[in-house]
Amino acid sequence: MSSGETVKIGLLGMGTVGGGVAQIIEDSGELLAGKTGARLLLERVLVRDPARGRTVELPPQTYTTDPDTVIKDPSIDVVVELMGGIEPARTLISTALQEGKHVVTANKDLMAQHGRELLQLARRCGRNIFYEASVGGGIPLIRPLKRCLVANRIERMIGIINGTTNYILTRMFLDDMDFQEALDKARELGFAEADPSSDLEGRDAAYKLTILAGIAFNCSLNPDDFPTRGITGVTRADIHYARELGYTIKLLAVAEEKPEGLALGVYPALVPLAHPLATVQDEFNAIFIKGDLIGEAMFYGRGAGALPTASAVVADIIEVARSLQHGGAEGAPPNSNRKPTLLPPAALTSRFYVRLLARDRPGVFGALAAAFGEEEVSLDMIIQKRRQNGIAEIVLVTHDVNEERFNRSLQRVARLPAIEPDPSVFRVLA
Ligand code: NAP
Ligand code: HSE
């Protein structure tokens, strides 16, 4: 550390999360120094607009628009990247490591797509890169997986790891809002970003799953390795029927080790109301893990927001401080290069929910049942309701079925003249 026990921080970005970090240092600096022996000092802060008002006031000379004055300042011990996005964050982190800085980041987009390259660079430079805040905001996940659960063979991981979509689905379920109304409410409360497409289309959850599953299954993954589907197709009608059948709908990130390989995916699914994940409401996140030694464990808490996320960032800075106190870092452990066998969705087995519209005339129901029966898809639950103009709405839930066979049965259904195209289809969590 530069002088005594002071850790000098160079912050890249001081928006929502960076402001939270500054707040914690201002409010709890003494407490942290007492607990850890490290006094945290915000030495330099890179922003786009130094004149912008900030939640915490820092001396004006702290701000800069020149990244080199942060990452190349020899007095700075740790560079904390809270800008977001791929560039310039990737280049700035790489340069900071080469300049001998330890790095802390909350950037899931970057760590999911370039994490391995950055961890390898950190190792070559004998420096650390910590990224606890990149998944699950304030919930401790990465360190517990890397350390506390390391003796376990992880068998299954199911997460609700996007706060925005969980907030929207919760409002649709509890307050009977439609999708747009719930999205507007999420925006009003500051959960949804100005451009929420990464959240709504499932990409944000896919980045987080890439990071978590890479650690849990000790392998090298890419967000494009698995199918990702967001929540834009979830309607109020689907939420109503899910409730009637004893389920809610959640955006799940799922990773499961099977004898034939690793099955991964992000998709909205019906979750039984009695399942612990069904009780995860609003912007909260939860990750349900099954390990061979620990059995089932669930991590729950706020997955976003200034202070919860900054809590994890500050913990990472303290981790850097501890490594400095104890004689410097040995270099970040590399991510595994192991390329797992990834199972295609068609090879997987699941229960499925289907909602479709049919012309209400004799024989339609029989033809529908036959289309599923011919592919040996067994039906567990069926609801039929009358709609206007001679149209009936039919909702059914299958028993466990191989997805390829299920898709073949849907193709048969689509060929029935009385059935309207584009049914709603979701997986059902067992
Ligand atoms: P934000 O509010 O948009 O703040 C970004 C900050 O970076 C701003 O201070 C901005 O400067 C600065 N910045 C951006 N691009 C810059 C550039 N090219 N040059 C100089 N400064 C630049 O973002 P955030 O919500 O705090 O998120 C930061 C990171 O944390 C992201 O990777 C995000 O995914 C991750 N994260 C966020 C949350 C959350 O709840 N928000 C939770 C978990 C993880 P100005 O202030 O001057 O515009
Ligand atoms: N947009 C993210 C979410 C922020 O809604 O979960 C936290 O990563």
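The legends below describe several close-up views of a predicted model.

**View 1. Surroundings of ligand 1.** There are 22 residues around ligand 1, and those that come nearest are Met-14, Asp-49, Arg-52, Arg-54 and Gly-305. Two of the polar contacts to be found here involve backbone atoms of the protein: a backbone N or O atom of Thr-16 lies 2.9 Å from an oxygen atom of the ligand, and a polar backbone atom of Gly-305 is 2.7 Å from an oxygen atom of ligand 1. The side chain of Arg-52 also takes part, with an N or O atom 2.6 Å from an oxygen atom of ligand 1. On its own, ligand 1 has 900 Å² of accessible area, and the protein covers 79% of that area.

**View 2. Surroundings of ligand 2.** The residues around ligand 2 are Lys-108, Asn-162, Gly-163, Thr-164, Glu-193, Asp-199, Asp-204, Lys-208, Gly-303 and Ala-304. Helices α6 (163-175) and α9 (203-216) each supply at least two residues of this shell. A polar side-chain atom of Lys-108 lies 2.6 Å from an oxygen atom of ligand 2, while a polar side-chain atom of Asn-162 lies 3.5 Å from an oxygen atom of the ligand. For Asp-199, the partner is a nitrogen atom of ligand 2, which is 2.9 Å from an N or O atom in the side chain of this residue. The protein covers 87% of the 260 Å² of accessible area that ligand 2 has on its own.

**View 3. Helix α11 and its residue Val-313.** Helix α11 has 20 residues, and the distance from its first C-alpha to its last is 28 Å, close to the 28 Å expected at 1.5 Å a residue. Buried residues of α11 include Thr-309, Ala-310, Val-313, Val-314, Ile-317, Ile-318 and Val-320, and also Asp-316 and Glu-319. Val-313 has its place in this helix, which runs over residues 306-325. Because its relative accessible area is 0%, below the 20% under which a residue is called buried, Val-313 counts as buried. If its neighbours within four places in sequence are left aside, Val-313 is in contact with Val-17, Val-21, Val-80, Leu-82, Val-104, Ala-106 and Ala-133. Ala-371 is 58 residues from Val-313 along the chain, and the C-alpha atoms of these two residues are separated by 54 Å.

**View 4. Helix α13, its buried side and its cap.** Helix α13 consists of the 12 residues 403-414, and its end C-alpha atoms are 16 Å apart, which agrees with the 16 Å that it should span at 1.5 Å a residue. Within α13, the residues Glu-403, Phe-406, Ser-409, Leu-410 and Val-413 are buried. These residues cover an arc of only 115 degrees around the axis, which puts them on the same side of α13. An α-helix has 3.6 residues a turn, so residues three or four places apart point the same way. The buried residues of α13 pack against β12 (349-359), α12 (364-374), β14 (391-398), β15 (401-402) and β16 (424-428). At the N-terminal end, α13 is capped by Asn-402, of which a side-chain oxygen lies 2.9 Å from the backbone nitrogen of Glu-404.

**View 5. Asn-285 in strand β10.** Strand β10 comprises residues 284-291, and Asn-285 lies within it. With a relative accessible area of 0%, Asn-285 is buried. Apart from neighbours within four places in sequence, its contacts are with Gly-136, Ile-139, Ile-160, Ile-161, Asn-162, Gly-163, Val-280, Phe-299, Tyr-300, Gly-301 and Gly-303.

**View 6. Backbone features in three loops.** Most residues other than glycine have a negative phi, and most peptide bonds are trans. The bond that joins Glu-87 and Pro-88, however, is a cis peptide bond, with an omega of about 10 degrees, and Pro-88 is found in the loop between β4 (78-81) and α3 (89-98). Asp-176 is not a glycine, yet it has a positive phi of about 60 degrees; Asp-176 has its place in the loop between α6 and α7 (179-188) and is partly exposed, with a relative accessible area of 34%. Asp-282, likewise not a glycine, has a positive phi of about 55 degrees. This residue is found in the loop between β9 (261-272) and β10, where Asp-282 is partly exposed, with a relative accessible area of 23%.

Definitions and conventions:
Residues numbered from 1 in each chain as written. Chains lettered and ligands numbered in written order. Predicted model: local features only at pLDDT ≥ 70, side-chain atom pairs only at ≥ 80, totals over all residues. Heavy atoms only, no water. Helix = DSSP H or I, 4+ residues; strand = E, 2+ residues; numbered from the N terminus. Expected span 1.5 Å × (residues − 1). Buried < 20%, exposed > 50% of the residue type's maximum accessible area, 1.4 Å probe, protein only. Arc of directions from axis to C-beta. Contact = heavy atoms within 4.5 Å. Polar contact = N/O pair within 3.5 Å; in protein donor to acceptor, adjacent residues only side chain to side chain. Near = heavy atom within 4 Å. Areas by Shrake-Rupley, 256 points an atom, 1.4 Å probe, with all protein chains shown as cover.
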